[in-house]
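I opened this structure with no background on it and jotted down what I looked up as I went. The notes start in the middle of the fold and work outwards.

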Amino acid sequence: YADLDAFRVRIERARRLGFDGGFCVHPRQVAVMNQAFAPTPAEVARAQALVAAFEAQQAQGRAAFAFEGRMVDRPVVDQAHAVLARAARIAQRGARSG
(Lines give C-alpha, C1' and ligand atoms only; values in the text may rest on other atoms or scores of the structure.)
Protein backbone atom coordinates (compact mmCIF):
# COMPACT_ATOMS: atom_id res chain seq x y z
CA TYR A 1 0.00 0.00 0.00
CA ALA A 2 2.94 2.38 0.47
CA ASP A 3 4.18 2.20 -3.15
CA LEU A 4 1.54 4.27 -4.95
CA ASP A 5 3.47 4.20 -8.23
CA ALA A 6 3.39 0.40 -8.31
CA PHE A 7 -0.28 0.47 -7.33
CA ARG A 8 -1.02 2.89 -10.20
CA VAL A 9 0.73 0.58 -12.70
CA ARG A 10 -1.37 -2.39 -11.55
CA ILE A 11 -4.61 -0.41 -11.63
CA GLU A 12 -3.92 1.06 -15.07
CA ARG A 13 -3.22 -2.46 -16.35
CA ALA A 14 -6.50 -3.65 -14.86
CA ARG A 15 -8.35 -0.89 -16.70
CA ARG A 16 -6.69 -1.85 -19.99
CA LEU A 17 -7.82 -5.43 -19.38
CA GLY A 18 -11.42 -4.24 -19.08
CA PHE A 19 -11.96 -3.89 -15.35
CA ASP A 20 -13.94 -0.85 -14.23
CA GLY A 21 -13.10 -0.82 -10.54
CA GLY A 22 -11.12 -2.40 -7.76
CA PHE A 23 -10.51 -2.14 -4.05
CA CYS A 24 -8.12 -0.22 -1.85
CA VAL A 25 -6.46 -1.37 1.36
CA HIS A 26 -5.41 2.14 2.37
CA PRO A 27 -7.12 5.53 2.02
CA ARG A 28 -4.12 6.95 0.11
CA GLN A 29 -4.95 4.58 -2.75
CA VAL A 30 -8.44 5.98 -3.33
CA ALA A 31 -7.32 8.96 -5.43
CA VAL A 32 -5.14 6.71 -7.60
CA MET A 33 -8.04 4.28 -8.08
CA ASN A 34 -10.52 7.03 -8.93
CA GLN A 35 -8.14 8.67 -11.38
CA ALA A 36 -7.38 5.40 -13.16
CA PHE A 37 -10.98 4.25 -13.47
CA ALA A 38 -12.66 7.59 -14.10
CA PRO A 39 -13.99 7.84 -17.65
CA THR A 40 -12.04 10.30 -19.76
CA PRO A 41 -13.76 13.48 -20.96
CA ALA A 42 -13.91 11.91 -24.44
CA GLU A 43 -15.59 8.77 -23.04
CA VAL A 44 -18.14 10.89 -21.17
CA ALA A 45 -18.87 13.04 -24.25
CA ARG A 46 -19.32 9.93 -26.41
CA ALA A 47 -21.64 8.33 -23.85
CA GLN A 48 -23.71 11.52 -23.63
CA ALA A 49 -23.97 11.72 -27.42
CA LEU A 50 -24.93 8.06 -27.69
CA VAL A 51 -27.65 8.38 -25.05
CA ALA A 52 -29.01 11.52 -26.74
CA ALA A 53 -29.05 9.74 -30.11
CA PHE A 54 -30.82 6.75 -28.55
CA GLU A 55 -33.48 8.99 -27.02
CA ALA A 56 -34.04 10.70 -30.37
CA GLN A 57 -34.32 7.33 -32.13
CA GLN A 58 -36.71 6.00 -29.49
CA ALA A 59 -38.92 9.04 -29.97
CA GLN A 60 -39.21 7.92 -33.61
CA GLY A 61 -40.10 4.38 -32.58
CA ARG A 62 -36.70 2.80 -33.22
CA ALA A 63 -34.94 0.54 -30.74
CA ALA A 64 -31.74 -0.03 -32.74
CA PHE A 65 -29.80 2.41 -34.92
CA ALA A 66 -26.34 3.23 -36.23
CA PHE A 67 -24.03 5.46 -34.21
CA GLU A 68 -20.49 6.22 -35.36
CA GLY A 69 -20.82 3.45 -37.93
CA ARG A 70 -21.86 0.78 -35.41
CA MET A 71 -25.17 -0.78 -34.52
CA VAL A 72 -26.55 0.37 -31.18
CA ASP A 73 -29.22 -1.36 -29.16
CA ARG A 74 -30.29 -1.37 -25.53
CA PRO A 75 -27.21 -3.17 -24.06
CA VAL A 76 -24.89 -0.63 -25.71
CA VAL A 77 -27.00 2.22 -24.32
CA ASP A 78 -26.88 0.58 -20.88
CA GLN A 79 -23.08 0.58 -21.11
CA ALA A 80 -23.14 4.31 -21.94
CA HIS A 81 -25.37 4.94 -18.92
CA ALA A 82 -22.87 3.00 -16.78
CA VAL A 83 -20.02 5.22 -18.01
CA LEU A 84 -22.01 8.33 -17.10
CA ALA A 85 -22.96 6.93 -13.69
CA ARG A 86 -19.34 6.01 -12.91
CA ALA A 87 -18.17 9.50 -13.91
CA ALA A 88 -20.83 11.08 -11.72
CA ARG A 89 -19.96 8.90 -8.69
CA ILE A 90 -16.26 9.67 -8.98
CA ALA A 91 -16.93 13.40 -9.45
CA GLN A 92 -19.26 13.40 -6.43
CA ARG A 93 -16.67 11.68 -4.25
CA GLY A 94 -14.02 14.11 -5.42
CA ALA A 95 -16.24 17.07 -4.55
CA ARG A 96 -16.82 15.70 -1.04
CA SER A 97 -13.11 15.20 -0.37
CA GLY A 98 -12.09 18.55 -1.84
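**Entry 1: the main core.** I looked for the largest nonpolar core and got 10 residues: A47, L50, V51, F54, F65, F67, V72, V77, A80 and V83. I take a nonpolar core to be a set of buried Ala, Val, Leu, Ile, Met, Phe, Trp, Tyr and Cys residues joined through side-chain atoms within 4.5 Å. Buried here is under 20% relative accessible area, exposed is over 50%, and partly exposed is in between, with a 1.4 Å probe and protein chains only. The elements giving two or more residues to this core are α3 (41-59), β1 (65-67) and α4 (74-97). Helix α3 gives the largest share, four residues. Apart from this core I found another one, of seven residues, with F7, A14, M33 and F37 among them. I also noted a general point: in soluble globular proteins, nonpolar side chains tend to be buried together.

**Entry 2: ground rules.** I should say that this is a predicted model, where local features need pLDDT of at least 70 and side-chain atom pairs count only at pLDDT 80 or more, while totals for chains, interfaces and linings use all residues. Residues are numbered from 1 along each chain as its sequence is written, and side-chain values use heavy atoms, with hydrogens and water left out. Helices (H or I, at least four residues) and strands (E, at least two) are DSSP runs, numbered from the N terminus.

**Entry 3: helix α3.** I checked its span: 19 residues at 1.5 Å a residue should give 27 Å, and the end C-alpha atoms are indeed 27 Å apart. The expected span is 1.5 Å times one less than the number of residues. Which residues of α3 are buried? I got V44, A47, L50, V51 and F54. Seen down the axis, these buried residues fall within an arc of 130°, so they line one face of the helix. The arc is taken from the directions from the helix axis to the C-beta atoms. On the other side of α3, P41, A42 and A59 are exposed. After the helix comes G61, with a positive phi near 85°.

**Entry 4: two residues of α3 and their contacts.** I counted a contact when heavy atoms lie within 4.5 Å, and skipped residues up to four places away in sequence. A47 touches A80, V83 and L84. V51 is buried, at a relative accessible area of 8%, and touches A80, H81 and L84. From V51 to V77 it is 6.2 Å, C-alpha to C-alpha, though they sit 26 residues apart in sequence.

**Entry 5: aromatic rings.** How many aromatic pairs are there? I counted one. Rings of Phe, Tyr and Trp (its six-membered ring) pair if their centres lie within 6.5 Å; planes under 30 degrees apart are stacked, over 60 edge-to-face, and the rest tilted. The pair is F54 with F65, and it is tilted, with 6.3 Å centre to centre and 35° between the planes. F54 belongs to helix α3 and F65 to strand β1, 11 residues apart, so the pair links distant parts of the chain. F54 is buried at 5% relative accessible area, and F65 is buried at 9%.

**Entry 6: helix α1.** Next I went to α1 (residues 4-16), whose 13 residues reach 18 Å from first C-alpha to last, close to the 18 Å expected. F7, I11 and A14 are buried in α1. They cover an arc of only 55° around the axis, which puts them on the same side of the helix. D5, V9, R13 and R16 are exposed on the other side. Part of what covers the buried residues of α1 is α2 (29-37). D3 caps the N-terminal end: one of its side-chain oxygens is 3.3 Å from the backbone nitrogen of D5. G18 follows α1, and its phi is positive, near 110°.

**Entry 7: L17 and Q29.** Buried or exposed: which is L17? L17 counts as exposed, at 56% relative accessibility, and is in the loop between α1 and α2. Its C-alpha is 16 Å from that of N34, 17 residues apart along the chain. Q29, in helix α2, counts as buried at 4%. With the sequence neighbours skipped as before, Q29 touches Y1, L4, F7 and C24.

How values were computed:
Polar contact = N/O pair within 3.5 Å; in protein donor to acceptor, adjacent residues only side chain to side chain.
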